[in-house]
Structure formats: C-alpha cells, structure tokens
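Let's take a look at the empty space in this one. Here is the structure, followed by a quick tour of a cavity and a pocket.

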Amino acid sequence: MYQTIIIGGGPSGLMAAVAASSSSNQVLLLEKKKGLGRKLKISGGGRCNVTNRLPYEEIIKNIPGNGKFLYSPFSVFDNESIIHFFESRGVKLKEENHGRMFPVSNKAQDVVDTLVDTINKQNVTVKEETTVLNVSQDNEGIFSVETAQQTYKSKSLIIATGGTSVPQTGSTGDGYTFAKSLGHSITELFPTEVPITSPERFIKDKTLKGLSLKDVELSVLKKNGKKRISHQMDMIFTHFGVSGPAALRCSQFVYKEQKNQKKQDIKMALDVFPTMNEDELSQHIRKLLKDEPDKYIKNSLH
C-alpha cells in the first residue's frame with residue numbers, strides 16, 4: 001500500500017512526486033514509456049521554457065478558459081517558487097523576452113536531471129515501461145491501479161498523464177479515461193499552443209518557408225474583420241503554415257473562431273512593423289532609399 005500513486009512521468013508527474021515525497025516515503029511513480037520527462041526534453045526547442053516571470057495578471061490573461069483558477073495554486077507555489085526550486089538545486093535561470101525563463105545552459109536535460117535527482121533522493125519508487133490499464137476506488141476510498149504487471153494500491157492518486165498533444169512521448173489522452181472511470185466529467189478538449197496550418201498557395205509553394213520574423217504582430221480575425229486577439233512576438237513561416245511564439249499563442253483563438261464562425265479557414269493578419277503607423281513606415285522606407293541611392297531597392301528594403 002502506497003500513500004500516493006502518480007500516473008505519468010512528465011513535468012507534472014515529476015513535480016507532483018517531488019511534492020508528495022517531501023512528506024511521505026511511500027510514493028510510486030508509474031510511466032508507460034522508457035525515460036522520464038520526455039516532453040520536457042523537447043520543450044522550448046530543446047532549451048525548456050521553465051516558467052514566466054511576468055505578473056500574475058499577465059500570465060492568467062494568456063491561460064485558455066478560466067485562468068483565474070490559478071490564483072489559488074499560485075498562493076501556495078508560484079512562478080517565483082519554480083525559479084527558486086531550480087536555482088537552489090544548481091540550475092541557474094535567465095529571463096528572455098516576454099518574461100520567459102530558460103536555463104542559462106540552454107539545456108532542457110538539466111531541468112529533467114534536477115527533477116529526477118530530487119525524486120531519487122526523496123526515495124520515490126519509479127516504474128518505467130509500466131502501462132496503467134485501469135483505475136478504481138473502493139468503498140473505503142482506497143485506489144487500485146492495475147498495470148500489465150500487477151495491481152498497486154494507494155490512499156491518494158494523482159493523474160498526470162498530459163493531454164493528447166505529442167502521442168509519441170506518451171500523451172495519448174489515457175488520463176481522460178481514468179478520470180471518467182472515477183466519476184469526473186470531461187469538458188470539450190481543444191489545442192492551446194500549437195503551430196497553425198494553412199492551405200494558402202504561398203504556404204503550399206513554400207515561398208516563405210524558413211523566414212523568421214522578429215517582434216511582429218500576428219492577429220486572429222473575427223468574422224467582421226476585427227481582431228479577436230493579437231500577439232506581438234517572434235514567428236516563423238514553415239512548410240505547413242506558421243509557428244513560433246506568436247503563432248502558438250494565437251492558435252487557441254483560431255480554434256475558438258472556427259467554432260464561432262462554423263468554418264475551418266480563419267483569416268489572420270500580420271503587421272510586420274507593429275510600432276509604426278502607415279505614415280511613419282512610408283517615411284522610414286523613403287529614408288532608406290534616399291540614404292543609399294545606388295543600392296538595389298530590394299537590398300535597401302531587406
């Protein structure tokens with residue numbers, strides 16, 4: 001009998017194991033794949049965007065749905081707590097644009113190693129390559145977790161299996177099934193931070209593939225052409241559409257507009273010079289051309 005069983009060895013499961021094992025030595029972590037923190041290793045382009053240092057209001061504004069629920073957990077453990085957690089264990093963090101915090105080493109592996117080392121020191125029992133088949137709870141409130149190998153029992157159960165975002169890392173939505181079997185209701189699922197695909201000709205022809213833009217404003221447009229949301233960040237054109245921080249932030253609003261407008265293709269707008277109005281941009285271009293009259297126009301405008 002364990003005090004706590006945690007299903008899922010990703011960032012949430014590892015952090016839950018750290019917390020649970022700080023007050024109990026009877027914690028079991030089950031992970032269906034080989035290796036812990038698989039999604040963490042590939043996050044932030046392999047650099048791992050650990051947390052964000054912006055004020056609560058700014059962070060909550062960017063949470064899909066009811067972000068206000070975060071005020072309660074933040075009162076116990078917030079972004080500064082996360083920074084302290086890693087820095088006190090030797091992983092120094094640095095702040096980049098929009099408050100994003102990365103390891104100074106730029107290695108996601110350092111973040112994974114710290115979490116794994118901590119649960120090992122705190123005597124968490126870890127079983128990898130262990131697929132959970134079913135979960136149940138008896139009349140006394142004891143949980144049974146059935147795996148292909150054996151059934152484990154615990155007084156509390158944490159489901160930290162992730163969504164359905166990166167199936168190859170193990171995120172196949174198992175947790176929804178487990179939660180449902182314990183009587184929880186599952187609300188409608190939707191992607192929140194994903195690249196955006198486009199059927200436009202210039203995307204299909206890969207005309208702009210690989211073009212990276214710094215500090216531009218990307219917007220999702222409503223049916224009337226007004227902006228639903230805008231994010232001023234970096235973005236990149238890919239072989240299938242757009243990606244990068246601005247696109248990822250906009251993606252959940254593309255989904256919401258698909259629902260509102262009852263159609264698949266949603267218009268977006270790109271402002272490459274969000275800090276200038278039309279007149280300022282016109283003057284800026286004239287100055288570029290005037291300053292170097294012997295240059296090819298395309299080189300002046302590069």
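## The largest cavity

In this predicted model, the lining of the largest cavity is made up of Asn62, Thr192, Glu193, His231, Leu248, Arg249, Gln252 and Phe253. Its volume comes to about 30 Å³, and the structure holds one cavity of 30 Å³ or more.

Which element gives the most to this lining? That's H9, with four residues. As for chemistry, the residues lining the largest cavity split into four polar, two charged and two nonpolar.

## The second largest pocket

Now for the open space. The second largest pocket takes in about 700 Å³. There are 27 residues lining this pocket, and Ile196, Thr197, Ser198, Ile266 and Met268 sit closest to its centre.

What is the mix of residue types here? In the lining of the second largest pocket, 17 residues are nonpolar, six are polar and four are charged.

## Who builds the pocket wall

Several elements chip in at least two residues each to the lining of the second largest pocket. On the strand side these are S10 (196-197), S12 (227-237), S13 (241-243) and S14 (268-271). The helices are H8 (201-204) and H9 (245-261).

H9 turns up again as the top contributor, giving four residues to the lining of the second largest pocket. So H9 gives the most to the lining of the largest cavity and also gives the most to that of the second largest pocket.

Notes: Residues numbered from 1 in each chain as written. Predicted model: local features only at pLDDT ≥ 70, side-chain atom pairs only at ≥ 80, totals over all residues. Heavy atoms only, no water. 1 Å grid on protein atoms, 1.4 Å probe; cavity = no way out; pocket = protein on both sides within 12 Å on 5 of 7 lines; lining within 4 Å. Points joined across faces, edges and corners; volume = space filled by probe spheres on them. Nonpolar A, V, L, I, M, F, W, Y, C, P; charged D, E, K, R; others polar.
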